[in-house]
Amino acid sequence: MQAKPAWFEAGFPHIWTPYSQMKTALPPLPVAGTGGVRIYLSDGRELIDGIASWWTACHGYNHPHIRAAVIRQLEVMPHVMFGGLTHEPALTLAAKLAAMLPGDLNHVFFTDSGSVAVEVAMKMAMQFWLNRGVRERTGFLAFRGGYHGDTLGTMAVCDPGEGMHSLFTGLLPPQPMLDLPVDEASIAAFDRFLDDHAGELAAILVEPLIQGAGGMIFHDADVLRRLRAAANKYSLILIFDEIFTGLARTGTMFACEVAGVVPDIITLSKALTGGTMALAATVATKQIFDGFWSNDSGHALMHGPTYMANALACAAAIASLELFDTEPRLEQVRAISAGLTDGLSPLRKVAGIKDVRVMGAVGVVQLDGLNDPKSLQRACVEAGIWVRPFRDIVYLTPSFTIGTDDLERLTGALTKVLAA
Ligand SMILES: Cc1ncc(COP(=O)(O)O)c(C=O)c1O
């Protein structure tokens, strides 16, 4: 293996990397470039990316259609502040999202990360009630296994035991946390809780169909219908965090479509720009938007990140959404689903493997325990694939453009590593 590049040696002592104990973590792998489903390391090795850069690069890396749109936009205007000014990419993207999303999810607020999009959704929900003079509805009912971000507000609605934020348990503003209502006992507990406490809640917050970073836990569409019915019954705002599931990952453009329910607020990010730029959107229905429509300036949504609606990011997102129209993404997701099911099924018989599950372009292998994630990560890199095991999970969420051969290589390499 070659020595690390000079820029790595000079810069690494000055960087703080995500979710890392800097003293003991494996040093990150220097990347020289990307293309298609591949990551090219500076030492000449190439890896098939099994997780599409944390689920963003849904069309593969460096897609020419997105690249051309970003370059065009760069020539015209990379960014202009969004306070008091506006621009074509932002408004075109907002109209496109409104047209794609179900129901009357028509009012788009742009931010620059998923966590902040969820913060904005929470703020919208809480202020919706405040604007009506209701001061008691400030809580958020969230669910065990959920993950909604790393900022302080979103940490309070993540599963406190999921590991990323457990150190802060008891120190953040407490939010009610229940099991998802999936069976008789949890449904009874959910109903009981709402009977007693609905008046203290602003909203119910959930990742529909798959709770991602909290453990890749699947649930079915009935759960979402139940949440919608409860939100209607108790006049609660229903927030779907589709930052992971949105944009075809679970097999339909938005996970909520499977249940035939429309949330009051939806959050999107990750694949929105096809993995090129930081962008997120919090989209509300007319009813929520109307809760802010007033002659009273105090009823305005007081939020405005400096880089909101960044023009380059909006141009990338428009191009990315166009690719869902011009290239057969949903068919590709169906093919990936079948490929993941076939490719990972030998692991069902391997000792130490608790579960293998697939939904859309998400394949999950759950182990009895993962004692040494670093060794596993190293073995995967040696086998030519990039994955990020966490907790007791190894998962695959490849780009939708991955070909049959590469998908077989990916599942084959993971199966071999895990079986060993
Ligand atoms: C469902 C969900 N919500 C929110 C977030 C936070 O997004 P970001 O990392 O862009 O802040 C994530 C990130 O993994 C996520 O999966």
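**Group meeting talk: a walk through a two-domain model**

Let me start with one residue, T267. If you skip its neighbours within four places in sequence, T267 is in contact with G114, A117, V118, A121, D241, E242, I243, A280 and T282. Keep in mind that this is a predicted model.

So where does T267 sit? It belongs to strand 11, which covers residues 265-268. Is it buried or exposed? T267 has 30 other C-beta atoms within 10 Å, and 20 or more is what it takes to be called buried, so buried it is. One name on that contact list deserves a second look, D241: 26 residues separate it from T267 in sequence, yet C-alpha to C-alpha the two are 4.9 Å apart.

D241 takes us to strand 10, residues 237-241. Strand 10 and strand 11 pair in the parallel sense, over 3 bridges. If you want to find the register on your screen, look for F240, whose bridge partner in strand 11 is I266. Strand 10 also has strand 7, residues 201-206, as a partner; these two run parallel and are joined by 4 bridges. Here F240 helps again, since V206 stands opposite F240.

Now, which way do the residues of strand 10 point? I237, I239 and D241 go one way, while L238 and F240 go the other. That fits the usual rule: in a regular strand, side chains alternate between the two faces of the sheet. What I like is that both sets are buried. In fact 5 of the 5 residues of strand 10 are buried, so this strand is largely enclosed by the rest of the structure.

Next up is helix 5. A121 from the T267 contact list is located in helix 5. A121 touches I239, I265, T267 and T282, again not counting residues up to four places away in sequence. So here is a helix residue in touch with I239 of strand 10. A121 counts as buried because it has 30 C-beta neighbours inside 10 Å. There is also L205, 84 residues away from A121 along the chain, with a C-alpha separation of 9.4 Å.

How about helix 5 as a whole? It runs over residues 114-130. Of its 17 residues, 14 are buried, so helix 5 is largely enclosed by the rest of the structure. I also did a sanity check on its length: at 1.5 Å a residue, 17 residues should span 24 Å, and the end C-alpha atoms are 24 Å apart, which agrees.

Helix 5 matters for the next bit, the ligand. How many residues surround the ligand? There are 14, and the closest are G114, S115, G149, I243 and F244. You have already met G114 and I243, as both are contacts of T267. Which element gives the most to this shell? That is helix 5, with 3 residues. By class, the shell comes out as 5 nonpolar, 7 polar and 2 charged residues.

Let's zoom out. The protein divides into domain 1, which is 6-59 plus 328-419, and domain 2, which is 64-326. Their C-alpha centres lie 26 Å apart. At the contact between them, 24 residues of domain 1 meet 21 residues of domain 2. On the domain 1 side, the elements supplying at least two residues each are helix 2 (52-55), helix 12 (329-344), strand 13 (353-359), strand 14 (362-367) and strand 16 (393-396). Helix 12 gives the most, with 5 residues. And the make-up of that side is 14 nonpolar, 6 polar and 4 charged.

Two of those elements, strand 13 and strand 14, form a hairpin with 2 residues between them. In the turn, G360 has a positive phi of about 55°. The two strands run antiparallel and are joined by 6 bridges, with V356 standing opposite V365 of strand 14.

Last stop, a sheet of 4 strands. This one is open, with mixed pairing, in the order 1-2-3-15. At the edges are strand 1 (31-35) and strand 15 (385-386), each pairing on one side only. Strand 1 pairs with strand 2, residues 38-41, in the antiparallel sense over 4 bridges. To spot that pairing, find G35, which stands opposite R38 in strand 2.

That's the tour. Happy to pull up any of these on the screen.

Definitions and conventions
Residues numbered from 1 in each chain as written. Predicted model: local features only at pLDDT ≥ 70, side-chain atom pairs only at ≥ 80, totals over all residues. Pairing = 2+ DSSP bridges. Near = placed C-beta within 6 Å. Nonpolar A, V, L, I, M, F, W, Y, C, P; charged D, E, K, R; others polar. Domains from an automatic or database assignment. Contact = placed C-beta atoms within 7 Å. Expected span 1.5 Å × (residues − 1). Buried ≥ 20, exposed ≤ 12 C-beta atoms within 10 Å, placed from the backbone.
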